[in-house]
Amino acid sequence: MLFIKTIKISKKIIIFTTILIFLLASIILFYSFANTDSSNNDNNLNISDNSTNSHNSDENDNSDKKNDFIKWVDFNVTYELLDKTAKLDIDSHTQNSNIKYNWIELLAYLACKNGGNFKNFKQKDLDTLLSELQKGKTIEDLTKNNKYYSYYYESYSAALGGFIGNYTVETELEDGTKTSEEKYGLKAFLPIAKNYAFSHYDDFGNSRSYGFKRTHLGNDLMGSIGTPIIAVESGTIEHLGWNQYGGWRIGIRSFDKKRYYYYAHLRKNHPYAEGLEEGYTVKAGEIIGYLGMTGYSIKENVNNINVPHLHFGIQLVFDESQIDSANEVWIDVYNIIEFLKKNRSKGIKSDTSF
Ligand SMILES: [Zn+2]
């Protein structure tokens with residue numbers, strides 16, 4: 001009896017001690033991770049030779065504001081509104097109207113009206129905004145008392161910043177001479193090449209179980225193996241090679257550094273367009289790779305995806321510390337893909353100096 005009681009007590013002590021050790025270990029781990037995070041952040045800033053000097057000095061000057069950047073974006077702008085505001089922007093520029101609209105400003109204003117949920121969009125809000133702008137008011141006048149405007153403007157600028165603007169179309173004539181023409185309009189492309197079929201549905205946030213339980217942070221575009229994959233926007237190749245989840249994948253950062261485009265599950269044996277390497281630049285509309293079904297394997301060049309598709313994702317980067325962290329900001333690109341169907345590329349030849 002006494003013996004049993006002793007065991008009972010020591011069991012309690014053991015349990016108590018275990019909990020205590022666990023708690024202590026958790027606290028130590030938490031602090032060491034917090035420190036690693038901030039030191040990674042510094043490392044990123046030093047190592048990242050791509051980040052401009054002005055960016056670095058901004059970081060240093062505003063060391064107090066180091067954590068003052070956008071941490072989360074729920075991008076739910078509908079196809080209807082992407083389409084409407086893009087037309088207003090492009091038409092006002094190409095027709096050289098007195099009042100030129102900026103679609104990102106229009107969207108940010110509307111987000112203030114609908115609380116960032118475009119399901120609540122009211123045409124009346126857009127009509128009022130346009131008539132105020134026509135009367136000569138500026139977007140600054142109309143939003144100066146709204147504390148959320150700058151958040152939406154910065155978020156949507158990060159998501160859509162490289163889509164509409166000036167671009168140059170180069171045409172090569174039969175005699176080999178090149179002509180170039182300046183244009184204004186939609187300059188981002190659908191990632192699936194022109195004349196190739198694909199299907200998709202809004203699968204952002206669906207659960208995935210390979211490796212560990214996680215959510216789907218992109219949009220799967222189902223198509224045939226070998227379909228040419230197009231660079232949506234010009235930028236710098238940051239990652240090219242095998243990744244356990246994405247298989248053969250390519251990651252391209254926009255020149256303004258705000259968008260990281262992720263194209264994954266590329267074709268077995270022949271994943272990439274010739275001559276591409278990390279650090280090289282690609283042009284919007286250029287072929288960067290081929291659709292496949294690689295991934296879900298530690299071993300390279302393995303087809304472990306059931307249905308051939310391109311996994312396409314856009315990660316927003318407001319601060320370099322958000323890259324490869326638990327705080328990555330990926331947006332739902334379903335409506336963006338629908339919108340980009342307007343601009344498809346057969347794949348231009350790149351004349352960049354590779
Ligand atoms: Zn996917």
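**Exercise 1. Helix 7: what span is expected for its twelve residues, and which of its residues are buried?**

Step 1. Helix 7 covers residues 149-160 of this predicted model.
Step 2. The expected span is 1.5 Å times one less than the number of residues. For the twelve residues of helix 7 that gives 16 Å.
Step 3. The end C-alpha atoms of helix 7 are 16 Å apart, so the model agrees with the expected value.
Step 4. Now look for burial. Tyr 152, Tyr 153, Ser 155, Tyr 156, Ala 158, Ala 159 and Leu 160 are the buried residues of helix 7.
Step 5. A general point helps here. An α-helix has 3.6 residues a turn, so residues three or four places apart point the same way.
Step 6. Find the partners. The buried residues of helix 7 pack against helix 4, strand 9, strand 12 and strand 13 (329-331).

**Exercise 2. How far does helix 5 reach, and which residue with positive phi follows helix 5?**

Step 1. Helix 5 has twelve residues, 123-134.
Step 2. From first C-alpha to last, helix 5 reaches 16 Å, close to the 16 Å expected at 1.5 Å a residue.
Step 3. Gly 136 follows helix 5. Its phi is positive, near 110°.

**Exercise 3. Which residues of the largest nonpolar core touch the most other members?**

Step 1. This core has 66 residues.
Step 2. Leu 107, Ala 159, Ile 229, Ile 230, Tyr 263 and Ile 288 touch the most other members.
Step 3. Helix 4 (residues 103-114) gives the most to this core, with eight residues.
Step 4. Check the domains. The core draws at least three residues from each of domain 1 (79-165) and domain 2 (188-340).
Step 5. Take one member, Leu 107. Leaving out residues up to four places away in sequence, Leu 107 touches Val 77, Leu 81, Thr 85 and Tyr 156.
Step 6. Link back to helix 7. Tyr 156 is one of the buried residues of that helix.

**Exercise 4. Strand 9: which way does each of its residues point, and which strands pair with strand 9?**

Step 1. Strand 9 spans residues 259-264, and six of its six residues are buried.
Step 2. Arg 259, Tyr 261 and Tyr 263 point one way. Tyr 260, Tyr 262 and Ala 264 point the other way.
Step 3. Strand 8 (residues 247-254) runs antiparallel to strand 9 and is joined to it by four bridges. In one pair, Ile 250 has Tyr 263 as its bridge partner.
Step 4. Strands 8 and 9 form a hairpin with four residues between them. Lys 257 in the turn has a positive phi of about 70°.
Step 5. Strand 12 (residues 309-316) is also antiparallel to strand 9, with six bridges joining them. Here Arg 259 has Leu 316 as its bridge partner.

**Exercise 5. How many bridges link strand 7 to strand 8, and how many link strand 7 to strand 10?**

Step 1. Strand 7 (residues 235-243) pairs with strand 8 in the antiparallel sense over eight bridges.
Step 2. Across this pair, His 239 stands opposite Gly 251.
Step 3. Three residues lie between the strands of the hairpin formed by strand 7 and strand 8.
Step 4. Strand 7 also pairs with strand 10 (residues 281-282), antiparallel, over two bridges. Thr 236 has Thr 281 as its bridge partner in strand 10.

**Exercise 6. Thr 94 and Ala 197: buried or exposed?**

Step 1. Recall the cut-off: a residue is exposed if 12 or fewer other C-beta atoms lie within 10 Å of its own.
Step 2. Thr 94 lies in helix 3 (residues 79-94). Thr 94 has 11 other C-beta atoms within 10 Å, so it is exposed.
Step 3. Beyond neighbours within four places in sequence, Thr 94 is in contact with Tyr 184 and Gly 185. Thr 94 and Lys 183 are 89 residues apart in sequence, yet their C-alpha atoms are 8.3 Å apart.
Step 4. Ala 197 sits in the loop between strand 2 (178-186) and strand 3 (207-208). Ala 197 has 9 other C-beta atoms within 10 Å and is therefore exposed.
Step 5. The C-alpha atoms of Ala 197 and Leu 221 are separated by 9.6 Å.

**Exercise 7. What is the average pLDDT of the chain, and where does pLDDT stay under 50?**

Step 1. The chain averages a pLDDT of 86, and 80% of the residues score at least 70.
Step 2. Over residues 32-64 the pLDDT is below 50. This stretch has 13 contacts in the model beyond near neighbours in sequence.
Step 3. Residues 350-354 also stay under 50. They have seven contacts beyond four places in sequence.

Definitions and conventions
Residues are numbered from 1 along each chain as its sequence is written. This is a predicted model: local features need pLDDT of at least 70, side-chain atom pairs count only at pLDDT 80 or more; totals for chains, interfaces and linings use all residues. A residue is buried if 20 or more other C-beta atoms lie within 10 Å of its own, exposed if 12 or fewer, and partly exposed in between; C-beta atoms are placed from the backbone. Two strands pair if DSSP finds at least two bridges between them. Two residues are in contact if their C-beta atoms, placed from the backbone, lie within 7 Å. A nonpolar core is a set of buried Ala, Val, Leu, Ile, Met, Phe, Trp, Tyr and Cys residues joined through C-beta atoms within 7 Å. Domain bounds come from an automatic or database domain assignment. pLDDT is the predictor's confidence in each residue, from 0 to 100.
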